[in-house]
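Reader: Hi! I am new to protein structures and would love a close look at one part of this one. Could you take me through the sheet?

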Amino acid sequence: CQRLSSTKISAIPGDGIGPEVFQSVVDIFDATQAPVIWDVIKLSTKMEGKDPISPEEIEKVRANKVGLKGPTTTPIGGGHVSMNVFLRRELTLYANVRPCVSVPGVKTLYDDVNLVTIRENTEGEYSGKEHEVVPGVIENLKIVSEKACLRVAKYAFEYAAKYGRKKVSAFHKASVMKMGDGLFLKKTREVGKDYPMIGYEERNVDTACGMLVANPHLFDVMVMPNLYGDIVSDVCAGLIGGLGLTPSGNIGENNAIFEAVHGSAPDIAGKNLANPTALLLSSIMMLRHLNLFDHADKIEKAVHGVLKDGVTKTRDLGGSATTTEYTKAIISRL
Ligand code: NAD
């Protein structure tokens, strides 16, 4: 019965520390009997100039709808395109969601941060359209479309409603980019009218960054164009202790891929030293996306419990536990 009602999840363990941290998630899911079946996706990253996933495998990812991805190395100066860019493009993953919640036992300036950055993921400053107009002059196009603004704004308000959040703040620079950021604001405002129970405000992105570091409690859910989201989400990660503790989700109309924000950490790969917390927190986000709240809460409580105890911590957090020891400590708390 358990298997019949299980959801098939695309599993992309990645490389470097990817398989080690992914194994930790699989072991913890097994221990809680989370109703998921892992469908391991084969990568073709070794083939020069090819897409990192074959057409057959990407069809599997599309059909499974939800996936969990470990970090993947992006080759420099040749090789395949970045896996993240490829997946975002193929599956139109238009919203990047990064919750930054204080982790018990990890000492930072503020101990009760609870912020969510929702970043437009497909256009804006990262549309990749740049060219040399005349020698020495580059034109870099920032594309802002009504369609992309509307769907990311709608996702932000839907997210706020689903998770009982109180306010959505739109970050912009419409005082300078009157048409582009102006359109982003106009559409977000329009969507906000359909959610009268959720507060709405608009802030210049530079002012908002200052406010965030001075008092992160001023914000709740924040929605913004691509480049601002890239920067603001790292500011928020810094507030809770860094990228190693930050989960993320890439959401599209039909697909969602969850992943840790850190990279493949080649310096510690294969040494059983990696901290799996970020991928674990991403897998908890994935469970909530699937409405498996009980399993998500149970795993989150166990992870927070182990971190708060501070006895079994990986090396990056000042401890000496291996990935396996840390995983076992979480399992024993479930
Ligand atoms: P990185 O995040 O891999 O490593 C930076 C530092 O943080 C290293 O010292 C590493 O040991 C440490 N670190 C990272 N994750 C850790 C963890 N879970 N536990 C303990 N320590 C951890 O960044 P990098 O070295 O700049 O990138 C390495 C490769 O990863 C590159 O090829 C890059 O393109 C790729 N990358 C992939 C993703 C992704 O797949 N989402 C994201 C970022 C970078």
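Which residue in E12 is the bridge partner of Val66?

Author: Happy to help! This is a predicted model, where local features need pLDDT of at least 70, side-chain atom pairs count only at pLDDT 80 or more, and totals for chains, interfaces and linings use all residues. Residues are numbered from 1 along each chain as its sequence is written.

In E12, Val66 has Ala256 as its bridge partner. Strand E3 (residues 66-69) and strand E12 (residues 256-260) pair in the parallel sense over four bridges. Strands (E, at least two residues) and helices (H or I, at least four) are DSSP runs numbered from the N terminus, and two strands pair if DSSP finds at least two bridges between them.

Now the whole sheet. Ten strands form an open sheet with mixed pairing, in the order E2-E1-E3-E12-E11-E4-E5-E10-E8-E9. Strand E2 (36-40) and strand E9 (199-204) stand at the edges with a single partner strand each, so one side of each is left without a neighbour in the sheet. On average, neighbouring strands of this sheet are turned by 25° against each other, direction ignored.

Helices join the picture too. Helix H2 (residues 55-64) lies across strand E1 (7-12), E2 and E3, and runs at about 140° to E1. Helix H8 (residues 277-289) packs on the sheet, where H8 touches E3, strand E4 (95-101), strand E11 (247-251) and E12. The direction of H8 makes about 155° with that of E12. Such angles run from 0 to 180 degrees between N-to-C directions, with axes fitted to C-alpha atoms, for helices over the stretch in contact. Two residues are in contact if their C-beta atoms, placed from the backbone, lie within 7 Å.
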